[in-house]
Amino acid sequence: MPRPPTTLDLRQTLAARLADARVRTDELFRLVRPEALHDRPIPERHRIIFYLGHLEAFDWNLFRHRPFQLEPFHQEFDRLFAFGIDPVDGKLPTDQPSDWPPLAEIHAYNARVRRCVDACLREADISEATHPYLKDGLLFHVAIEHRLMHAETLAYMLHRLPRERKVMQPIVPEPAAAAVVPRQVEIPAGTATLGLARSEENPFGWDNEFEPHTVSVPAFALDAYPVTNGGYLQFLRDGGYEDRSLWTEADWEWKTSAGIQQPRFWIQRGEQWYQSTMFGELLLPLNWPVYVSHAEASAYARWKGKALPTEAQWHRAAYGTAKGGERAYPWGDEPPQPCHGNFDFQRWTPTPVNAHPAGASAFGVADLLGNGWEWTSTVFGPFPGFEPFAFYPGYSANFFDDKHYVMKGGSARTATCMLRRSFRNWFQAHYQYIYATFRCVEN
């Protein structure tokens, strides 16, 4: 039998993961040319410089009270860099570049915070649960995954930064793949287990992942692949953006007032379409997944006479089996490997939706983890037995507002640890900047 992990094992694992997460975010900030740090690539979000201070401020605010009682050394930065923006009323930030502190001061603050957090990890008793926030390294898991989430959301932001404002990077060659033939997969009736059990086998999950519960799912048919750029182009050319009947009232008002006529990542020149990538443009790759908002995905599904899957349907197709059991991952219980999908920072671009057959589920549904988060029709809300984190009560609860939708899966910029079956992502219906795709269901 394998030896149970010791406190030293856990401490070393957490230290290595934290160091790796810092490398990921440091690499992203190095992509930004110094003159661009005050840019705001996404109008609804903070300037890039905010995120440079936010990651360390989050860690400091997480650790300074509980249970370490650290002495504050820069309370102005603790407040300034504490919170991001999730605009739901159309209002845009109005701050100016001159409102932000000098870079040297932010770097000094960051360095000191890192030293403090590292000292906490060296000294904390994470074995005997002398404090509930330290049991199994809870606060350290939070700090690590929060940073890795920002390694993805920062990628969305820097994607919008003009090429000349970034330091160019080499592009990993695209894997070979055959032409994509759209098809549906019949998923038999069964159950889906949503949520995560609180146990020694599950040392960490965000508050919205608990508690586990079983949902009965009637039979349905699901697209074997996410909708591709090529498939979505047919919707656009068929007048999908002009057909009022395909859009809800709120979605139509948003689309019309914002002048939305195409996916955010697409560029039209004459009769030709291109895709914006992190470091340039490509002739529209027809076999890549299309990245669109929930509103656009829903309109496409109506055009096809179908719908977006519920969270439970997505789980059933991804993790279920014909005999009734469930897998840890779509392909089985083996930890994620590069052959299973496009995730864990492997590349800056999508891959063809059929490029990773080894990652298919028991039912033959492909490309479920990585390559693009997948929209569901499920409004983000609590599971039965939900309890907010006492040290971070607003992490999920602030977004139980009927305006955010659950996304499952992951993108090319999603860390492996967040590919666990219970992980839930969420965004507003009209947010176009994320690496989010979808597939359709027929009930």
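Accessible areas here come from the Shrake-Rupley method with a 1.4 Å probe, and for residues only the protein chains shown count as cover. With that in hand, start with the whole chain: it exposes about 19,100 Å², and carbon and sulfur atoms supply 53% of that area.

This is a predicted model, so to speak plainly about limits: local features need pLDDT of at least 70, side-chain atom pairs count only at pLDDT 80 or more, and totals for chains, interfaces and linings use all residues. Residues are numbered from 1 along each chain as its sequence is written, and side-chain values use heavy atoms, with hydrogens and water left out.

**The whole chain**

Keep everything selected for a moment. The C-alpha atoms fill a box of roughly 60 × 55 × 40 Å along the principal axes. The radius of gyration, taken over C-alpha atoms, is 22 Å, which agrees with the value near 22 Å for a compact globule of 443 residues; the globule rule is 2.2 Å times the number of residues to the power 0.38. Buried residues (under 20% relative accessible area, 1.4 Å probe, protein chains only) make up 55% of the chain. Switch to cartoon and you will find ten helices and twelve strands, which are DSSP runs numbered from the N terminus (helices H or I, at least four residues; strands E, at least two).

**Helix 1**

Next, select residues 7-30. Helix 1 has 24 residues and reaches 34 Å from its first C-alpha to its last, close to the 34 Å expected at 1.5 Å a residue, a span counted as 1.5 Å times one less than the number of residues. Show side chains for its buried residues, among them R11, L14, L18 and F29. Their cover includes helix 2 (48-63), helix 4 (103-123) and helix 5 (138-159), judged by contact, meaning heavy atoms within 4.5 Å.

**Helix 6**

Move on to residues 229-237. Seven of the nine residues in helix 6 are buried, including Y232, L233, F235 and L236. The buried residues pack against strand 5 (266-269), strand 6 (272-277) and helix 8 (294-303). Just after the helix comes G239, with a positive phi near 85°.

**A three-stranded sheet**

Finally, pick strand 1 (184-187) and strand 12 (441-442), the edge strands of an open sheet whose order is 1-4-12, with antiparallel pairing. Two strands pair if DSSP finds at least two bridges between them. Four bridges join strand 1 to strand 4 (residues 220-223); at Q184, the bridge partner in strand 4 is D223. Now add residues 311-319: helix 9 lies across strand 1, strand 4 and strand 12, at about 75° to strand 4.

Methods. Axes fitted to C-alpha atoms, helices over the stretch in contact; angles between N-to-C directions. Buried < 20%, exposed > 50% of the residue type's maximum accessible area, 1.4 Å probe, protein only.
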